[in-house]
Structure formats: structure tokens, C-alpha cells
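Let's take a walk through this protein together, one contact at a time. Have the sequence at hand and the model turned to a view you like.

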Amino acid sequence: AARAPGLQQHLFRLLSRDIGAAMRMAGDWSADQRMAAFLLGLSQRLATRGFSARRFQLTMARTDIGNYLRLAPETVSRVLKRFQDDGLIVIDRREVDLTDVGRLQALAAPILQN
């Protein structure tokens with residue numbers, strides 16, 4: 001990257017953005033808010049790459065999601081189940097369908113506004 005300044009600058013920008021997102025998630029937010037922000041962020045990143053923003057695979061295990069969000073894996077599972085019961089998502093193993101993006105955005109708003 002040192003030999004390609006444009007590449008180095010792009011990598012620094014990506015790292016900075018990811019660190020900023022991790023810092024926002026590190027705040028004192030509820031598990032529901034963190035999970036909503038996580039799902040919406042993943043949706044947005046996939047949409048940017050040309051994939052479906054609404055229906056996608058969770059490539060991370062619940063343990064990894066929990067580590068990223070500072071939640072226990074059991075909490076991740078409970079929140080996903082609650083989101084499904086409330087009609088926010090439909091989940092089948094690792095396949096997720098965001099069925100109520102508006103309510104997810106409302107939940108994640110405090111995190112996404114920071």
C-alpha cells in the first residue's frame with residue numbers, strides 16, 4: 001500500500017469508517033438497538049455491492065455477532081427471535097429477510113444518528 005498512495009488512502013478511509021462504526025456500537029445501547037443497527041448496516045453494505053438489501057445470509061455465527069455487539073450469544077438469539085415474533089424480520093437458519101425496515105430504523109435511530 002505504501003507504493004500505491006491511492007490504495008493506502010482508500011484502506012485508511014475504510015478502516016476509519018469501520019472503527020467509527022465499532023465506536024458507535026460500543027455506546028450504552030440496548031441489545032435491540034444494537035442488533036437493529038447491525039442488521040441495517042449489513043443490509044446497507046450488501047446493497048452498496050449490488051446485493052439485496054432486504055434478503056441476505058448472516059455469514060457470522062451468533063457468537064461472532066455477539067462479540068462484535070458486546071452481547072452474549074444467547075442474547076443475540078433471543079433478540080433475533082423477538083424481532084421475528086414482532087414481524088421485523090423472518091429468519092431461517094442464516095437466511096434473513098428484513099420485513100419491516102422502518103421499525104428497524106426507528107430502533108437503531110439513536111445509534112445511527114451519532
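A good place to start is Phe38, which counts as buried because its relative accessibility is 5% (buried means under 20% relative accessible area, exposed over 50%, and partly exposed in between, with a 1.4 Å probe and protein chains only). Before going further, please keep in mind that this is a predicted model, in which local features need pLDDT of at least 70 and side-chain atom pairs count only at pLDDT 80 or more, while totals for chains, interfaces and linings use all residues. Residues are numbered from 1 along each chain as its sequence is written, and side-chain values use heavy atoms, with hydrogens and water left out.

Which ring partners Phe38, and how do the two planes sit? The partner is Tyr68: the ring centres are 5.9 Å apart and the planes stand at 55 degrees, so the pair is tilted. The rule behind that word is that rings of Phe, Tyr and Trp (its six-membered ring) pair if their centres lie within 6.5 Å, with planes under 30 degrees apart counting as stacked, over 60 as edge-to-face and the rest as tilted. Phe38 lies in helix α2 and Tyr68 in helix α3, so the pair ties together parts that are 30 residues apart in sequence. Unlike buried Phe38, Tyr68 is partly exposed, with a relative accessible area of 36%.

Now look at the two helices that carry these rings. Helix α2 and helix α3 (residues 62-69) pack at an angle of about 110 degrees, and their axes are 11 Å apart. Axes here are lines fitted to C-alpha atoms, for helices over the stretch in contact, and angles run from 0 to 180 degrees between N-to-C directions. That makes α2 roughly perpendicular to α3, since angles of 65 to 115 degrees get that label, those under 35 count as roughly parallel, those over 145 as roughly antiparallel and the rest as oblique. On the α2 side you will find Arg34, Met35 and Phe38, which meet Ile65, Tyr68 and Leu69 in α3 (contact means heavy atoms within 4.5 Å). By class, this contact has five nonpolar, no polar and one charged residues; Ala, Val, Leu, Ile, Met, Phe, Trp, Tyr, Cys and Pro count as nonpolar, Asp, Glu, Lys and Arg as charged, and the others, Gly among them, as polar.

Staying in helix α2, move along to Leu42. This leucine counts as buried, at 15% relative accessibility. Leaving aside residues up to four places away in sequence, Leu42 touches Phe56 and Leu58. The C-alpha atoms of Leu42 and Gln57 are separated by 9.9 Å, with their positions 15 residues apart along the chain.

Next come the charged side chains. How many salt bridges does a search of the whole structure find? There are six, where a salt bridge is a side-chain nitrogen of Lys or Arg within 4 Å of a carboxyl oxygen of Asp or Glu. In one of them, Arg82 joins Asp32, with the closest N and O atoms 2.6 Å apart. This pair links distant parts of the chain, Arg82 being in helix α4 (residues 73-85) and Asp32 in helix α2 (residues 31-48), 50 residues apart. Arg82 is partly exposed at 36%, whereas Asp32 counts as buried at 19%.

Another salt bridge brings together Arg55 and Glu95 (3.1 Å, N to O). Arg55 lies in strand β1 (residues 55-57) and Glu95 in strand β3 (residues 95-98), so parts 40 residues apart in sequence are tied together. Asp100 and Arg103 also form a salt bridge, their closest N and O atoms being 3.4 Å apart. Salt bridges that share partners join Arg54, Arg55, Glu95 and Asp97 into one network.

Two loop residues deserve a glance at their backbones. Arg70, in the loop between α3 and α4, has a positive phi of about 60 degrees although it is not a glycine. Arg93, in the loop between β2 (89-92) and β3, has a positive phi of about 55 degrees and is not a glycine either. Arg70 is exposed at 52% relative accessible area, and Arg93 is exposed at 69%.

Finally, step back to the whole protein. Its secondary structure comes to five helices and three strands, in the order α-α-β-α-α-β-β-α along the sequence. Helices (H or I, at least four residues) and strands (E, at least two) are DSSP runs, numbered from the N terminus. Of the 114 residues, 32% count as buried.
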